[in-house]
Amino acid sequence: MSIFAVEYVYNPDQNDLRAEHRPAHRAWLQGLVEQGRVLASGPFTDGTGALLVFSAETEADLNQLVSQDPFAVAGAIAAVKTIGWNPVVGAFRDLV
């Protein structure tokens, strides 16, 4: 398994859409936490987006998974950036 950092960018005009789908989004994330697929997730304090840390076999697997997020399905994410991440210090260091 590899670790990936995923950045969601939010459009401020879609706050209501995200609020509508937030319960399903968080339930989806919690299910992935229980499977060990999501290691951490949370919004940026300025409301511009969120950072999610995933464990996935490949970036293609990760992209397939992210496309199932209720926020993605509803069109509530303006942009997604994914990048492999190699934590060398801290809580996630022993996972790679």
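**Figure 1. Arginine 93 and its contacts in the predicted model.** Once neighbours within four places in sequence are set aside, arginine 93 of this predicted model is in contact with Pro87 and Val88. You will find arginine 93 in the segment after β4, the strand that spans 79-85. Arginine 93 counts as partly exposed, because its relative accessibility of 43% falls between the 20% and 50% limits. For a sense of scale, take leucine 52: its C-alpha atom and that of arginine 93 are separated by 16 Å, with the two positions 41 residues apart along the chain.

**Figure 2. The largest pocket and its lining.** Here we turn to empty space. Rolling a probe the size of a water molecule over the atoms shows where such space is left. The largest pocket holds about 260 Å³. Its lining is made up of 19 residues, and those nearest the centre are Tyr10, His25, Arg26, Gly42 and Pro43. Two or more lining residues come from each of α1 (15-34), β2 (38-43) and β3 (49-56). Which element gives the most to the lining? That is α1, with 7 residues. Sorted by class, the lining has 10 nonpolar, 6 polar and 3 charged residues.

**Figure 3. The largest nonpolar core.** In soluble globular proteins, nonpolar side chains tend to be buried together. The largest nonpolar core in this model has 18 residues, and the members that touch the most others are Val6, Tyr8, Trp28, Leu32, Leu52, Phe54 and Leu62. The elements giving two or more residues to this core are β1 (2-9), α1, β3 and α2 (59-66). With 4 residues, β3 gives the most to this core.

**Figure 4. Tyrosine 8 and what surrounds it.** This view centres on one of the core members named in the previous legend. Leaving out residues up to four places away in sequence, tyrosine 8 touches His25, Trp28, Phe44, Thr48, Gly49, Ala50, Leu52, Val66, Asp69, Ile77, Ala79 and Val80. Among these contacts, Trp28 and Leu52 also belong to the group of core residues that touch the most other members.

**Figure 5. Strand β3 and its two partners.** Is β3 enclosed or open to the outside? In β3, 7 of the 8 residues are buried, so the strand is largely enclosed by the rest of the structure. β3 pairs with β1 in the antiparallel sense, over 8 bridges. It also pairs with β2, again in the antiparallel sense, over 5 bridges. On the β2 side, glycine 42 has leucine 51 of β3 as its bridge partner. The hairpin of β2 and β3 has 5 residues between the strands, and glycine 47 there takes a positive phi near 80°.

**Figure 6. Serine 55, a buried residue of β3.** Serine 55 lies in strand β3, where it is the bridge partner of isoleucine 3. Serine 55 is buried, because its relative accessible area is 10%, under the 20% limit. Beyond residues up to four places away in sequence, serine 55 touches Met1, Ser2, Gly36, Arg37 and Leu39.

**Figure 7. Leucine 29 and aspartate 16, two residues of helix α1.** Leucine 29 is found in helix α1, and so is aspartate 16. Leucine 29 counts as buried at 8% relative accessibility, whereas aspartate 16 is exposed, with a relative accessible area of 68%. Which residues does leucine 29 touch, apart from those up to four places away in sequence? They are Val38, Ser41 and Leu52. Two C-alpha distances help you place the pair in the fold. Leucine 29 and alanine 79 are 18 Å apart in space and 50 residues apart in sequence. Aspartate 16 and leucine 95 are 36 Å apart, C-alpha to C-alpha, and 79 residues apart in sequence.

Terms used:
Residues are numbered from 1 along each chain as its sequence is written. This is a predicted model: local features need pLDDT of at least 70, side-chain atom pairs count only at pLDDT 80 or more; totals for chains, interfaces and linings use all residues. Side-chain values use heavy atoms; hydrogens and water are left out. On a 1 Å grid over the protein atoms alone, a cavity is a set of points where a 1.4 Å probe fits but cannot get out, and a pocket is an open set with protein on both sides within 12 Å along at least five of seven lines; lining residues have an atom within 4 Å of a point. Grid points are joined across faces, edges and corners, and a volume is the space filled by probe spheres set on the points. Ala, Val, Leu, Ile, Met, Phe, Trp, Tyr, Cys and Pro count as nonpolar, Asp, Glu, Lys and Arg as charged, and the others, Gly among them, as polar. A nonpolar core is a set of buried Ala, Val, Leu, Ile, Met, Phe, Trp, Tyr and Cys residues joined through side-chain atoms within 4.5 Å. Buried means under 20% relative accessible area, exposed over 50%, partly exposed in between (1.4 Å probe, protein chains only). Contact means heavy atoms within 4.5 Å. Two strands pair if DSSP finds at least two bridges between them.
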